[in-house]
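Here is my note for your first look at this entry. Please keep the 3D view open as you read.

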Amino acid sequence: MNTLNNVKLIDIPKVHDERGFLAVIEKKSIPFVIKRVYYLYDVPTESSRGGHAHKEQQSLIIALSGSFEVVVDDGKIKKRIMLNKPNQGLYIPTHIWREIDNFSSGSVCLVLASTEYDEVEYIRKYDDFINQFSG
Ligand code: TYD
């Protein structure tokens, strides 16, 4: 079972010249093969997103623009991590509860996922997470 020790900030390689920055994510840079990409935008500051864990899905969460905070929780320990760099991703393995809040105005939260969308692999009740899956 995963714990917060398996949650990692990953630096995304970038190329800079006078025209600006180019960041690139290749297969070798992240611990899973990407099957899906989705993003959150126009999120009200007071919104809380996430509120689930996954049985199968691994994710990389990137603040493509602006900032927000991710609370990761392995059932024993919780940690709040601010994401505000488009060249940094938060890797979340399976069986880690996450909540995302404090979205800045205009922020964009990009999520790279290892699975296609399948509601069956979500753990959406915190009690279920604690009882069955927490590390
Ligand atoms: P939800 O899991 O609540 O989003 P978040 O974790 O970002 O707060 O998903 C919101 C809705 O969107 C829910 O009805 C499921 C649907 N959805 C899809 O149809 N496909 C997807 O890839 C995702 C991530 C969600």
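The points below cover the ligand site first and then a surface patch.

1. Ground rules. This is a predicted model, where local features need pLDDT of at least 70, side-chain atom pairs count only at pLDDT 80 or more, and totals for chains, interfaces and linings use all residues. Residues are numbered from 1 along each chain as its sequence is written, and side-chain values use heavy atoms, with hydrogens and water left out.

2. The shell. Which residues surround the ligand? They are Arg-36, Tyr-38, Leu-40, Arg-49, Gly-50, His-52, Tyr-117, Tyr-122 and Arg-124 (a heavy atom within 4 Å of the ligand). By type, 4 are nonpolar, 2 polar and 3 charged; here Tyr counts as nonpolar and Gly as polar.

3. Strands at the site. β4 (36-40) and β5 (49-54) each give at least two residues to this shell. Strands are DSSP runs (E, at least two residues), numbered from the N terminus.

4. Polar contacts (N or O pairs within 3.5 Å). A polar side-chain atom of Arg-36 sits 2.5 Å from a ligand oxygen. For Arg-124, the side-chain distance is 2.9 Å. Gly-50 uses a backbone N or O atom, at 2.8 Å. The protein covers 61% of the 530 Å² of accessible area that the ligand has on its own (Shrake-Rupley, 1.4 Å probe).

5. The patch. Ile-25, Ile-34, Val-37, Tyr-39 and Tyr-41 form a nonpolar surface patch with about 480 Å² of accessible area together. Patch members have over 30% relative accessible area and no salt bridge (Lys or Arg side-chain nitrogen within 4 Å of an Asp or Glu carboxyl oxygen), and nonpolar side chains are joined within 5 Å.

6. One member. Ile-34 lies in the loop between β3 (20-23) and β4. Why is Ile-34 called partly exposed? Because its relative accessibility is 36%, and partly exposed runs between buried (under 20%) and exposed (over 50%).

Technical notes: A polar contact is a pair of N or O atoms within 3.5 Å; within protein, one must be able to donate a hydrogen and the other to accept it, and residues adjacent in sequence count only if both atoms are side-chain atoms. Helices (H or I, at least four residues) and strands (E, at least two) are DSSP runs, numbered from the N terminus. Patches are made of residues with over 30% relative accessible area and no salt bridge: like charges are joined within 9 Å, nonpolar side chains (Val, Leu, Ile, Met, Phe, Trp, Tyr) within 5 Å. Buried means under 20% relative accessible area, exposed over 50%, partly exposed in between (1.4 Å probe, protein chains only).
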